[in-house]
Amino acid sequence: MIEHNEEVYKNRNQIERCFNRLKRFRGLASRYEKNASTFLAMVTLGAILMWL
């Protein structure tokens, strides 16, 4: 039987919600950015805009 660790679940839930918020940016959700550098730039920009 698998034990339920509340701290691990909490951290996993936060990360999943962050990814779902990043998917609001169409380029990330549909993977228009093919280069790793432009993809990283878009993720960074999305994270900055979410922070504000």
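The fold, the first helix and a nonpolar surface patch of a predicted model are described below.

The protein contains 3 helices and 0 strands, and along the sequence these elements follow the pattern α-α-α. The mean pLDDT of the protein is 80, with 88% of its residues reaching 70 or more. Confidence varies between the elements: helix α1 has the highest mean pLDDT (85), whereas helix α2, formed by residues 26–30, has the lowest (69).

Of the 52 residues in the protein, 10% are buried. The accessible surface of the protein amounts to about 5100 Å². Carbon and sulfur atoms account for 58% of that surface.

Helix α1 covers residues 6–22. Its 17 residues should span 24 Å at 1.5 Å a residue, and the C-alpha atoms at its ends are 25 Å apart, which agrees with the expected value. The N-terminal end of α1 is capped by asparagine 5. In this cap, a side-chain oxygen of asparagine 5 lies 3.2 Å from the backbone nitrogen of glutamate 7.

The model has 1 salt bridge by the rule applied, in which a side-chain nitrogen of Lys or Arg lies within 4 Å of a carboxyl oxygen of Asp or Glu. Arginine 12 forms a salt bridge with glutamate 16, and the closest N and O atoms of the pair are 3.2 Å apart. Both residues belong to helix α1, where they are 4 residues apart, or about one turn of the helix. An α-helix has 3.6 residues a turn, so residues three or four places apart point the same way. The two partners fall into separate accessibility classes. Arginine 12 has a relative accessible area of 54% and is therefore exposed, the cut-off for this class being over 50%. Glutamate 16, at 39% relative accessibility, counts as partly exposed, because its value lies between the 20% and 50% limits.

A nonpolar patch of about 640 Å² is present on the surface. The patch is made by Leu45, Ile48, Leu49, Trp51 and Leu52. One of these residues, isoleucine 48, lies in helix α3, which comprises residues 36–51. The relative accessible area of isoleucine 48 is 48%, so this residue is classed as partly exposed. Patch residues must have over 30% relative accessible area, and the value of 48% for isoleucine 48 therefore meets this requirement.

Terms used. Residues numbered from 1 in each chain as written. Heavy atoms only, no water. Patch = residues over 30% accessible without salt bridge, like charges linked within 9 Å, V, L, I, M, F, W, Y side chains within 5 Å. Areas by Shrake-Rupley, 256 points an atom, 1.4 Å probe, with all protein chains shown as cover. Helix = DSSP H or I, 4+ residues; strand = E, 2+ residues; numbered from the N terminus. Buried < 20%, exposed > 50% of the residue type's maximum accessible area, 1.4 Å probe, protein only. Expected span 1.5 Å × (residues − 1). Polar contact = N/O pair within 3.5 Å; in protein donor to acceptor, adjacent residues only side chain to side chain. pLDDT = per-residue confidence, 0-100.
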